[in-house]
Amino acid sequence: MSEYILALDQGTTSSRAILFDHAGHPRGIAQQEFPQHYPHPGWVEHDPEDIWASQLAVAQRLLREQDVRASQVRAIGIANQRETTLLWDRRTGQAVAPAIVWQDRRTAAHCDRLREEGHAPAIHAATGLELDPYFSATKLAWLLDHVPGARAKAEQGALCFGTVDSWLAYRLTGRHVTDASNASRTMLFNIHDLCWDDALLALFGIPGSLLPEVVGSSGVIGHTHADLFGAPIALAGIAGDQQAATFGQACHRPGMVKNTYGTGCFMLMHAGSHAPRSHNRLLSTVGWRIDAATDYLLEGSVFMAGATIQWLRDGLGIISRSDDVEALAQTVPDNGGVYLVPAFAGLGAPHWDPYARGALVGMTRGTTRGHIARAAVEAIAYQSAELLNAMRRDTSCEVTEIRADGGASRNNTLMQFQADLLGVPVVRPRVTETTALGAAFLAGLGVGFWGSREEVGAQWRSERVFDPSMNNDRRAALMERWNLAVTRSLNWAV
């Protein structure tokens, strides 16, 4: 009887479940989108029940459609949208407020106050993070201060805080846990001592009783309630989605780089066994913790990548499906001087400007839908080039290739332009579901389904290599125009 690992890939716009066999091949996929809520400008929320219900539904449907029994599933691994902040009742398991999504900007003023008070250097030194509303700490503080009775209940130990992995683990197993990779994204976790930081808890006004237990990224954490899948299944792997994708891309050695083209765009470089310190406003983060050994990553975060294409579809209506953007972009030979800076939720690395806003510049009467589509596709590549350039300045590692994954990595036009801008090959793997694959690898290692990192790393295979074909002068000229466009978007919403 065949055995599998079930990966739960809980993303910003959809929940997915994927079954992987021992060769690391996906044997079935189920996906369900869920609503996004924008109650005020700059606010982004999810209904926590939508997250749970959609994730459970796709997992149950996948097992049913593939005729796989719970006894055939050796373990479950979770990969999740990070920084999104949830608060729920410890006794009932019911959320007490909407989830505040990682893209949400409502706490920008709180971050400004902390920066003016001089706290940013200490926060960065302990957490490896920039002081920004992107992370969970100020979101959690906002919930405690704005949800009626929340702070009093928190101080009584009646509430639980967690990122999405914690929420799913609690509903699946009843345990209040998170792994080190997700904890490192809260701005409350000391990445050097690998524990919740008392000074930061005091600074943000967070009662310690709210916090989940920090566990390893690989290893049996608990077992699912029997009624969910017909029998208990071990939960044996947890990692934030970008750390999971890095692991799934087999970037297990220092200097290896992957870039995920999802709702946002996230470039991560393996930095070794010690937390790196960026001088170019990149993030130092825990990659994964396995058998008491911790791997660290250097990360650059772009907030709008695939979400920019969704805006073309839903906001402008110039495409009917996201996949249509490549064909529309190819109707023109170049961008016609048009640049789109998709700062709809501010700008992440290396700018970290929550007040930046989207800008579409360089249009003339000859500008067409094709030019705007091409500018949107190219914006993803420009933002990623900014990240790699910052990584090059931060490290002495020679980057020889970028391993690409995520939905937009299937866009050949984007991948070729990306290679041209970076000046290094962009490699697309055979299995592009690397976020889910990384969660599966971590869970499988945790129950002995796979025996070692070397075994899982050997399963990685290239599907296509995009070699750079642009000369240095042209590359520099394009980046110069992009940088000029970015200046038009900065500090707009103050």
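Good morning. I begin with an open sheet of seven strands, arranged in the order 17-18-16-15-21-22-23 with mixed pairing. Its edges are strand 17, residues 283-290, and strand 23, residues 462-466, each of which pairs on one side only. Direction ignored, neighbouring strands of this sheet are turned by 30° against each other on average. I should state at once that this is a predicted model.

Let me go through some of the pairings. Strand 17 pairs with strand 18, residues 293-302, in the antiparallel sense, over seven bridges. One of the residue pairs to look at here is I290, whose bridge partner in strand 18 is A293.

Further along the sheet is strand 15. With strand 16, strand 15 pairs in the antiparallel sense over five bridges, and the two form a hairpin with three residues between them. K258 has L268 as its bridge partner in strand 16. With strand 21, strand 15 pairs in the parallel sense, over three bridges. On that side, the bridge partner of T260 in strand 21 is D405.

Is strand 15 mostly covered or mostly open? Strand 15 is mostly covered, five of its five residues being buried. As a general matter, side chains in a regular strand alternate between the two faces of the sheet. In strand 15, V257, N259 and Y261 point one way, while K258 and T260 point the other way, and all are buried.

I turn now to the helices that lie across this sheet. Helix 10 lies across strand 15 (257-261), strand 16 (265-272), strand 17, strand 18 and strand 21 (402-405), and runs at about 65° to strand 17. Helix 14, residues 412-422, lies across strand 15, strand 21, strand 22 (426-429) and strand 23. The angle of helix 14 to strand 22 is about 145°.

Helix 10 also has a helical partner. Two packed helices are described by the angle between their axes and the distance between the axes. Helix 10, residues 241-248, and helix 15, residues 434-447, pack at an angle of about 80°, and their axes are 7 Å apart. Helix 10 is therefore roughly perpendicular to helix 15. On the helix 10 side, the contact involves D241, A244, A245, F247 and G248. These meet T434, T435, L437, G438, A439, F441, L442 and L445 in helix 15. By residue class, this contact divides into eight nonpolar, four polar and one charged.

My next topic is the salt bridges. How many are counted in the model? The count comes to 25 salt bridges, and I will discuss three of them.

In the first example, the side chains of E83 and R82 meet at 3.8 Å, N to O. Both E83 and R82 are buried.

In the next example, D104 forms a salt bridge with R106, with the closest N and O atoms 2.9 Å apart. D104 counts as buried because its relative accessibility is 1%, and R106 is buried with a relative accessible area of 12%.

In the last example, D295 forms a salt bridge with R453, the closest N and O atoms being 3.0 Å apart. This pair links distant parts of the chain, since D295 is in strand 18 and R453 is in helix 16, residues 453-457, with their positions 158 residues apart. D295, at 9% relative accessibility, counts as buried, whereas R453 is partly exposed, with a relative accessible area of 23%. The cut-off for buried is under 20%, so D295 and R453 are classed accordingly.

Some salt bridges share partners. In this way R82, E83, R185, D241 and E299 are joined into one network. Two members have already appeared in this talk in other roles: D241 in the contact of helix 10 with helix 15, and E83 in its salt bridge with R82.

Finally, I consider K139, which is found in helix 4, residues 136-146. Is K139 buried or exposed? K139 is buried, with a relative accessible area of 1%. Leaving aside residues up to four places away in sequence, K139 touches E83, T85, I100, V101, W102, D104, T107, P133 and Y134. Among these contacts, E83 is a member of the salt-bridge network, and D104 is the salt-bridge partner of R106. As a spatial reference, the C-alpha atoms of K139 and P342 are separated by 23 Å, and the two residues are 203 residues apart along the chain.

Thank you for your attention.

Conventions. Residues numbered from 1 in each chain as written. Predicted model: local features only at pLDDT ≥ 70, side-chain atom pairs only at ≥ 80, totals over all residues. Heavy atoms only, no water. Axes fitted to C-alpha atoms, helices over the stretch in contact; angles between N-to-C directions. Helix = DSSP H or I, 4+ residues; strand = E, 2+ residues; numbered from the N terminus. Parallel < 35°, antiparallel > 145°, perpendicular 65-115°, else oblique. Contact = heavy atoms within 4.5 Å. Nonpolar A, V, L, I, M, F, W, Y, C, P; charged D, E, K, R; others polar. Pairing = 2+ DSSP bridges. Salt bridge = Lys/Arg side-chain N within 4 Å of Asp/Glu carboxyl O. Buried < 20%, exposed > 50% of the residue type's maximum accessible area, 1.4 Å probe, protein only.
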